[in-house]
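Work through the exercises below with the model open. Each task is followed by a stepwise solution.

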Amino acid sequence: MDESTSSLLTSHLLGSVPAVISDDRKTTTYQVPESNMQIFPPTRGGYHSPGSSNGGEEQGTFSWKGVFSISSYKPYFNVDTDVVLDRIKSSLYPLNGNFFSKIVENPDLYGPLWISTTLIFMFTALGNCATYFMDKRTDKSTTWTFDVSKVNVAAGVSYGYVGAVPVAYYFLLQYLGSNSSLICLWCMWGYSLFIFMIASILLLIPIEFVRWIIILLAGCASACFVAVNLKSYMEGAEMLVIVSALILQFALAIFIKAYFFP
């Protein structure tokens, strides 16, 4: 075998110049769509706003993946102090039914979570203080102890009510054929409890009939806020739905007074 033949057979070995191979493959990246809970349950593992699309495609099949993803809820905590204060002020006007018009484009969970958490400590601390004032007013020699168990009950009432009641009404409205947004219902019910923060401070007054007047006024204001805004939010809503929401809100006020400020 001559040298020319040998060089051809060994041209592929180490040290030879490789051929240039063009790589036309494009690197594709997957972008997680921005979370939005305007439509519930989520699709494609995340939340999408009405009319939005995922890369120009129609929304796919139902998936609960977005419900258990923390990133799905991040947009609902992206609010500033001015927005939260404006919504709190709106909740103090029970007969003004334009609350949903303020939150429909940008509902938040920050306000409801902050209000619910603050109420837990207020119900526990101020409730025990109110009991102390009432006991000392009637009998100065009586012994008094701090009831720590009220923390558990306050947490269950505050978080449970704000979390479970809107979910129940969401599925009820879906069953009745009324379009609704779960995040908007969470937002509205959360802000409706702010007035109980003010009432908790006033319930420190050690006069029983004054305390009942305070909690009844707070319950009426909160119940009217929920009923009026729920009626304006749903077109052709059944009166039974509105009345039941009003009764639940008023019953919550009675329970707060009876258990935390006896």
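The model is predicted.

**Exercise 1. Place Ser90: which helix holds it, and is it buried or exposed?**

Step 1. Ser90 is found in helix H2, which covers residues 81–91.

Step 2. The relative accessibility of Ser90 is 6%. The cut-off for buried is under 20%. Ser90 therefore counts as buried.

Step 3. Turn to polar partners. The Ser90 side chain reaches the backbone oxygen of Asp86 at 3.0 Å.

Step 4. List the neighbours, leaving out residues up to four places away in sequence. Ser90 touches Phe99, Lys102 and Phe225.

**Exercise 2. Classify the ring pair of Phe99 and Phe225, and state which helices it ties together.**

Step 1. A pair of aromatic rings is described by the distance of the centres and the angle of the planes.

Step 2. The structure holds nine aromatic pairs. In one of them, Phe99 and Phe225 sit 5.2 Å apart, centre to centre, with 75° between the planes. Planes over 60 degrees apart count as edge-to-face, so this pair is edge-to-face.

Step 3. Phe99 lies in helix H3 (residues 99–103) and Phe225 in helix H8 (residues 208–233), so the pair ties together parts that are 126 residues apart in sequence.

Step 4. Check accessibility. Phe99 is buried at 1% relative accessible area. Phe225 is buried at 0%.

**Exercise 3. Do the same for Tyr259 and Phe260, then find the cluster they belong to.**

Step 1. The centres of Tyr259 and Phe260 are 5.0 Å apart and the planes are at 80°. The pair is edge-to-face.

Step 2. Compare exposure. Tyr259 has a relative accessible area of 30% and is partly exposed, whereas Phe260 has 0% and is buried.

Step 3. Follow the ring pairs onward. They link Phe123, Phe255, Tyr259 and Phe260 into a cluster.

**Exercise 4. Describe how helices H4 and H7 pack: what is the angle, and which residues make the contact?**

Step 1. Two packed helices are described by the angle between their axes and the distance between the axes.

Step 2. H4 spans residues 110–138 and H7 spans residues 195–202. Their axes come within 10 Å and cross at roughly 15°.

Step 3. Angles under 35 degrees count as roughly parallel, so H4 is roughly parallel to H7.

Step 4. Add the handedness. H4 passes H7 in a left-handed crossing.

Step 5. Name the contact residues. H4 contributes Trp114, Ile115, Thr118, Leu119, Met122, Phe123 and Leu126. H7 contributes Phe196, Met197, Ser200 and Ile201.

Methods: Residues are numbered from 1 along each chain as its sequence is written. This is a predicted model: local features need pLDDT of at least 70, side-chain atom pairs count only at pLDDT 80 or more; totals for chains, interfaces and linings use all residues. Side-chain values use heavy atoms; hydrogens and water are left out. Helices (H or I, at least four residues) and strands (E, at least two) are DSSP runs, numbered from the N terminus. Buried means under 20% relative accessible area, exposed over 50%, partly exposed in between (1.4 Å probe, protein chains only). A polar contact is a pair of N or O atoms within 3.5 Å; within protein, one must be able to donate a hydrogen and the other to accept it, and residues adjacent in sequence count only if both atoms are side-chain atoms. Contact means heavy atoms within 4.5 Å. Rings of Phe, Tyr and Trp (its six-membered ring) pair if their centres lie within 6.5 Å; planes under 30 degrees apart count as stacked, over 60 as edge-to-face and the rest as tilted. Axes are lines fitted to C-alpha atoms, for helices over the stretch in contact, and angles run from 0 to 180 degrees between N-to-C directions. Angles under 35 degrees count as roughly parallel, over 145 as roughly antiparallel, 65 to 115 as roughly perpendicular and the rest as oblique. A crossing is left-handed if the near helix is turned anticlockwise from the far one by less than a right angle, and right-handed if clockwise.
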